Amino acid sequence: GFYLADLVSGLLHWAFDTWFDADITFIRRMVLQVREHHVFPHRIFDISFTHDAGTLSWISLLLIAPPMLLAVSFAPQSPITFAIVTTAVVFSPLLVFMLEFHKCGHRAKNPRWVRLLQRLGLLLSVEHHIQHHGGNHDFNYCLINGWADNTLGRLGLFRALERWIERWTGAQPQRDDHEWLRRYQRKGHRTA
């Protein structure tokens, strides 16, 4: 559940950083937040947990409901059903709190218990996430703890997906994000 939540957080972050733009009406607000975040990273502290959790709870529900319903409907007593339900119980709250963990990756002074969880690799560390903001925002996408960045990310998952999508659709990765950075980033302004 932990790894899956981290992977999904990375896939969502990657998708918004790489493919979406503000012309898509139903996700416009989220796209604008992502674009602004790359220019002014610390403005995420102005966004409330309830705002973030409202959106993320729907995403979590859409992802966990189908496998849970299938498992419980067809094999309610099986070990596979137990594993699916256990994974969902871990996955769902982690995904809902994803952007709070992201804030931990930006906060210079986290509480002691958060720093302990970061040192143990259970929460996103500042050192891990700062690398995302240090370049073209094209790696270290995962926002729970970075486990999927350190495995599938290092193996080239995101670049492979980009090549595949570009080949099949002709869409150019990060076109909108690079345009935002050119348009709004002040010279000498650090993004981290």
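Student: How far apart, N to O, are the side chains of Lys103 and Glu100 where they meet in a salt bridge?

Tutor: This is a predicted model, in which local features need pLDDT of at least 70 and side-chain atom pairs count only at pLDDT 80 or more, while totals for chains, interfaces and linings use all residues. Residues are numbered from 1 along each chain as its sequence is written, and side-chain values use heavy atoms, with hydrogens and water left out. A salt bridge requires a side-chain nitrogen of Lys or Arg within 4 Å of a carboxyl oxygen of Asp or Glu. Lys103 and Glu100 meet in such a bridge, and the N to O value is 2.8 Å for Arg43 and Glu36, whereas for Lys103 and Glu100 it is 3.1 Å.

Student: Which residues do salt bridges that share partners join into one network?

Tutor: Lys103 bridges to Glu100, and Asp52 also forms a salt bridge with Lys103, the closest N and O atoms being 3.8 Å apart. That second pair links distant parts of the chain, with Asp52 in helix H3 (residues 49-74) and Lys103 in helix H5, 51 residues apart; helices here are DSSP runs of H or I with at least four residues, numbered from the N terminus. The network joined through shared partners is therefore made of Asp52, Glu100 and Lys103.

Student: Is Lys103 buried or exposed?

Tutor: Buried means under 20% relative accessible area, exposed means over 50%, and partly exposed lies in between, using a 1.4 Å probe and protein chains only. Glu100, with a relative accessible area of 22%, is partly exposed. Lys103 has 5% relative accessibility, so the residue counts as buried.

Student: How many residues apart in sequence are the parts that Trp14 and Phe158 tie together?

Tutor: Rings of Phe, Tyr and Trp (its six-membered ring) pair if their centres lie within 6.5 Å, and planes under 30 degrees apart count as stacked, over 60 as edge-to-face and the rest as tilted. Trp14 and Phe158 form a tilted pair, 5.9 Å centre to centre with 40° between the planes. Because Trp14 lies in helix H1 (residues 2-18) and Phe158 in helix H9 (residues 157-169), the parts they tie together are apart in sequence by 144 residues.

Student: Over the ring of which residue does the charged end of Arg43 sit?

Tutor: A charge sits over a ring if NZ of Lys or CZ of Arg is within 6 Å of the ring centre and within 35 degrees of the ring normal. Arg43, which is partly exposed at 38% relative accessibility, has its charged end 4.0 Å from the centre of the ring of Phe40.

Methods: Helices (H or I, at least four residues) and strands (E, at least two) are DSSP runs, numbered from the N terminus.
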